[in-house]
Amino acid sequence: MSIIAWLILGLVAGFIASKLVNKTGEGLVLDIVLGVVGALVGGAIFSFLGSAGVTGFNLWSLFVAVVGAVVVLVAYHAVAGRRLS
C-alpha cells in the first residue's frame, strides 16, 4: 500500500476505534497515528492467531486496523490516565 492509503486507512480506523472506546475523537493527528499503529498491532495479532493481517485497502484490513487501534487506544488511555491522575 502507498503511504497515502496507509494514512487514509489509519485515519478511518483511528476515528472508528476512538468512537468505540470513548465516544469522542482524539484529534486528527492522533487518530491517524493511532490507526496506523493499530493496523500494525492488529496485523501482528491476527498473524499470531493464524489469520491474514492488513492485506490492502479493503474491509478486512479496516477491521484488522480497528481491532488493533482499539487495543492501542485502551493501552494509551491506561497509561495517559495514570499520568493525568
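## Helix 1 and its two faces

Let's start with helix 1. At 1.5 Å a residue, its 20 residues should span 28 Å, and the C-alpha atoms at its ends are indeed 28 Å apart, so expectation and model agree. Keep in mind as you read that this is a predicted model.

Which residues of helix 1 are buried? They are Ala5, Leu9, Gly10, Ala13, Gly14, Ala17 and Ser18. Other residues of this helix take part in something else: a nonpolar patch on the surface, to which helix 1 (residues 3-22) gives the largest share, nine residues. The full patch is made of Ile3, Ile4, Leu7, Ile8, Val12, Phe15, Ile16, Leu20, Val21, Phe57 and Val74, and together these have about 980 Å² of accessible area. Val12 is one of the patch members, and its place is in helix 1. With a relative accessible area of 34%, Val12 is partly exposed, because that value falls between the 20% and 50% cut-offs.

## The chain as a whole

Now a step back to the overall plan. The protein chain has three helices and zero strands, and read from the N terminus its elements run α-α-α. Of its 85 residues, 31% are buried. The chain exposes about 5000 Å², and 76% of that comes from carbon and sulfur atoms.

How do distant parts of the sequence meet? Among contacts with a separation of 6 or more, 60% are between residues 24 or more positions apart. Two residues described below, Gly35 and Val70, give examples of contacts between parts of the chain.

## Helix 2 and Gly35

Helix 2 passes the length check too: its 21 residues should span 30 Å at 1.5 Å a residue, and its end C-alpha atoms lie 30 Å apart, which agrees. The buried residues here are Asp31, Leu34, Gly35, Gly38, Ala39, Gly42, Gly43 and Phe46. After the helix comes Gly50, which has a positive phi, near 90°.

Gly35 is a good residue to look up in the structure. It sits in helix 2 and is buried, with a relative accessible area of 0%. What does Gly35 touch, once its neighbours within four places in sequence are left aside? Its contacts are Gly10, Ala13, Gly14, Ala65 and Ala69. Of these, Gly10, Ala13 and Gly14 are also among the buried residues of helix 1. As for Val67, it is 32 residues from Gly35 in sequence, while the two C-alpha atoms are 9.6 Å apart in space.

## Val70 in helix 3

Val70 has its place in helix 3. Is Val70 buried or partly exposed? At 23% relative accessibility, Val70 counts as partly exposed, since a buried residue would have to be under 20%.

Leaving aside neighbours within four places in sequence, Val70 is in contact with Ala17, Leu20 and Val21. Ala17 is one of the buried residues of helix 1, whereas Leu20 and Val21 belong to the nonpolar surface patch. Ile16, another patch member, is 54 residues from Val70 along the chain, and their C-alpha atoms are separated by 8.8 Å.

## An aromatic cluster

The structure holds three aromatic pairs. One of them joins Phe46 and Phe63 edge-to-face, with 5.9 Å from centre to centre and 80° between the planes. Because Phe46 lies in helix 2 (residues 28-48) and Phe63 in helix 3 (residues 59-84), this pair ties together parts that are 17 residues apart in sequence. The two partners differ in their surroundings: Phe46 is buried at a relative accessible area of 12%, whereas Phe63, at 44%, counts as partly exposed.

Phe63 has a second partner. The ring centres of Trp60 and Phe63 are 5.6 Å apart with their planes at 40°, so this pair is tilted. Both residues lie in helix 3, three residues apart, or about one turn of the helix. An α-helix has 3.6 residues a turn, so residues three or four places apart point the same way. Trp60 is partly exposed, with a relative accessible area of 34%. Put together, Phe46, Trp60 and Phe63 form one aromatic cluster.

Technical notes. Residues numbered from 1 in each chain as written. Predicted model: local features only at pLDDT ≥ 70, side-chain atom pairs only at ≥ 80, totals over all residues. Heavy atoms only, no water. Phe/Tyr/Trp six-rings, centres within 6.5 Å; stacked < 30°, edge-to-face > 60°. Helix = DSSP H or I, 4+ residues; strand = E, 2+ residues; numbered from the N terminus. Buried < 20%, exposed > 50% of the residue type's maximum accessible area, 1.4 Å probe, protein only. Expected span 1.5 Å × (residues − 1). Patch = residues over 30% accessible without salt bridge, like charges linked within 9 Å, V, L, I, M, F, W, Y side chains within 5 Å. Areas by Shrake-Rupley, 256 points an atom, 1.4 Å probe, with all protein chains shown as cover. Salt bridge = Lys/Arg side-chain N within 4 Å of Asp/Glu carboxyl O. Contact = heavy atoms within 4.5 Å.
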